[in-house]
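Let's go through this model together, asking at each step what earns a feature its label. The sequence and structure come next, and the questions follow.

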Amino acid sequence: MKSLHSNATFGAAALCRFALAGAALACSLTGAVAADRDDSHRDDFFRGSFFFPENLLVTRSVYDNNPKNVVVGTVLPPNCAATSGGCGAPSGATNDGSYPGVWNNDLYDASFGITSKILLDQMTPFGWVINTLEVPSAPLQRGSGADHLVTSFSSKSELALNLSNDGRFVTFMGYVAPVDTVDVSNSNTPLAVDFTNPVGTQYLRAVAQVDAQGRFRFTETNAYSGNNGRAAIQNDSRGVDLIYTVGNAGNGANPQPNGIILGAGAQILSPAGAAEAGQSPALPTPVASFSVTELGAKADKLGKDDNFRGMTIFNDVLFFTKGSGSNGVNTVYFVDSTGSACPNGVGVPAPGAKLPSAPLAYTAATLQTAGLPNNVCILAGFPTTPNKSASTTAFPFGLWFANARTLYLADEGDGYTGGTDLYTHAAAQSTAGLQKWVFNQTAARWELAYTLRGGLGLGEPYSIRGYPQGANSATGLPWAPATDGLRNITGRVGRDGLATIWAITSTISGNGDVGADPNRLVVIRDAVENVDPAAGSRSRFFTLRTAQFAEVLRGVSFTPGTEF
């Protein structure tokens, strides 16, 4: 067994000669990771570890392709007649539950989605799958009190993975609901009900923690009512044990109830000590908030400026991205725990800043008029023009700091499916791909060095075995997916000064919901100190994995137990 483990996970040199594509890159990736690996971690294998340090962890979801999941003609969203938000057209659902046509129902029901299982794939850094851990998802089969969590197929902003501060855990978010349940991603949470939300059901959201032994722990929350939690990071160092989460809330009219305002954006949680059946989560506990009024702009819909997607921690500072919605600013943010870093809404973290340790203090009586206190700033150098008045808009998602001077930012593209030029449009995007930002110490601001997109295949359609050919009759556009940009990312800097960045792609197609397209895991290497766009253009992405029929890939991180 020791020999098998050594060959499968650490004997990379022997494996390289079998690589079929991108062989030179695969071997250099393996060498870069192995050069920094402490072989003492091998002992973890004999202590019953499921995950091994320095490997990749990828979230994957598989739709079960059951025609019975939706009956044609069913009026959606579920229980919509009991809401003031109302139901869709009387004709009801247009497609049954068969993949991929089922996602054409999104054209009829804007909240459409179906819950599905979450799978954690352990992979080598060059893309070989070692094993898979399924997240518990069937409470009725394991007893009504069993812990369980699902995702929403095909919500494309979900299932980001993040290592905890000390590397012991990986965290992600999902729903406390059965598999094959319709429209859970836009349902209310029990303590934050919005009756103008047309989805008339209620489900808790939850954070999952998993350790190197593959053991799960779940923490439920009433946050993100009407929408979804996107990412979670556990702060478990220096005697602290807290979880930060980001997401979006609200699926109804304005004004929104207090619970929706409280449950948007960035939240802070204490990991639950009890099983899910013993948990009774209270009202949401926001930890940070931003408003365009900090920039001198007119106030938007409360809570919607906090429609955060990506999240990371670097140098004891919490960073977010916003990349969708008409409100707020699509840009990069940080939490100003000092209260002095950005008097006008834009700045850089103050020296000695610390991670937040408590929820925001707010005045309930003025929540509907003033919203939450603002303690979030735009990172200097990144866009500051509100989306409603911006002439060009970026779509930032995942972010990763190679060091204090270098930040890599994923841009998922604009998702354009407005005509038969969808492929050429994707290929011509100026911001999509992996942006490299460098800090200008003199100006105290970040500057864009270049955008990596070579080999990414923006706008180039690819085939999936079993996927329909030709055009989708519901949209008039081709079924074949093409890469539109990047979502979640992670990376590592080797001793050679090269950053290796792994990324999950976004897609465009003629699917009724492009989030349901089988997407890809890609990798690229870039010299951290390089700022020359011409040199950067020589770096190329390699595809390590393509999701198969009825599969999607969502998050990527290193495995729990990895140390940096």
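**What earns each label**

Q: Why is strand 9 called largely enclosed by the rest of the structure?
A: Seven of the seven residues of strand 9 are buried, so the rest of the structure largely encloses this strand. Keep in mind that this is a predicted model.

Q: What makes strand 9 and strand 10 a pair, and in which sense do they run, parallel or antiparallel?
A: Pairing needs at least two bridges, and six bridges join strand 9 to strand 10, which run antiparallel. One of these partnerships links Ala232 with Thr245 in strand 10. The two strands form a hairpin with six residues between them, and Arg238 in the turn has a positive phi of about 55°.

Q: How do you know that Arg168 forms a salt bridge with Asp236?
A: The cut-off is 4 Å between a side-chain nitrogen and a carboxyl oxygen. The closest N and O atoms of Arg168 and Asp236 are 3.4 Å apart, so the pair qualifies as a salt bridge.

Q: What makes this pair a tie between separate parts of the chain?
A: Arg168 lies in the loop between strand 5 (162–163) and strand 6 (169–175), and Asp236 in the loop between strand 9 (229–235) and strand 10 (242–247). The pair therefore ties together parts that are 68 residues apart in sequence.

Q: Why is Asp236 called buried while Arg168 is called partly exposed?
A: Buried means under 20% relative accessible area, and partly exposed means between that and 50%. Asp236 has 7%, so it counts as buried, whereas Arg168 has 42%, so it counts as partly exposed.

Q: Which other partner does Arg168 meet in a salt bridge?
A: The side chain of Asp166 meets that of Arg168 at 2.8 Å, N to O. Asp166 has 31% relative accessibility and therefore counts as partly exposed.

Q: How do you know that Lys354 and Asp316 form a salt bridge?
A: Their closest N and O atoms are 3.8 Å apart, and the limit is 4 Å, so the pair is counted. Lys354 lies in the loop between strand 16 (346–347) and helix 6 (367–370), and Asp316 in the loop between strand 13 (311–314) and strand 14 (317–322), so parts 38 residues apart in sequence are tied together. Lys354 is partly exposed at 49%, while Asp316 is buried at 16%.

Q: How many salt bridges does a search of the whole structure find?
A: The search finds 16 salt bridges. Arg60, Asp121, Arg545 and Glu551 are linked in a network of them.

Q: Why is the pair of Tyr467 and Trp479 called edge-to-face?
A: Ring centres must lie within 6.5 Å to pair, and planes over 60 degrees apart count as edge-to-face. For Tyr467 and Trp479 the centres are 6.1 Å apart and the planes are at 80°, so the pair is edge-to-face. Tyr467 is in the loop between strand 21 (445–452) and strand 22 (471–472), and Trp479 is in the loop between strand 23 (477–478) and strand 24, twelve residues apart. Both Tyr467 and Trp479 are buried. They belong to one aromatic cluster, whose members include Tyr63, Trp103 and Phe549.

Q: How far from the ring centre of Tyr462 is the charged end of Arg520?
A: The charged end of Arg520 sits over that ring, 3.7 Å from its centre.

Q: What makes Gly92 buried?
A: The cut-off for buried is under 20%, and Gly92 has a relative accessible area of 2%, so it is buried. Gly92 lies in the loop between strand 1 (56–62) and strand 2 (114–123). Leaving aside neighbours within four places in sequence, Gly92 is in contact with Gly73, Thr74, Val75 and Tyr108.

Q: Which strands are the edge strands of the open sheet with the order 24-25-26-27?
A: The edge strands are strand 24 (482–493) and strand 27 (542–546), each of which pairs on one side only. The four strands pair in the antiparallel sense, and the twist averages 25° from one strand to the next. Strand 24 and strand 25 (residues 498–508) pair over nine bridges, and the bridge partner of Ala482 is Ile508 in strand 25.

Definitions and conventions
Residues numbered from 1 in each chain as written. Predicted model: local features only at pLDDT ≥ 70, side-chain atom pairs only at ≥ 80, totals over all residues. Heavy atoms only, no water. Axes fitted to C-alpha atoms, helices over the stretch in contact; angles between N-to-C directions. Buried < 20%, exposed > 50% of the residue type's maximum accessible area, 1.4 Å probe, protein only. Phe/Tyr/Trp six-rings, centres within 6.5 Å; stacked < 30°, edge-to-face > 60°. Lys NZ or Arg CZ within 6 Å of the ring centre and 35° of its normal. Contact = heavy atoms within 4.5 Å.
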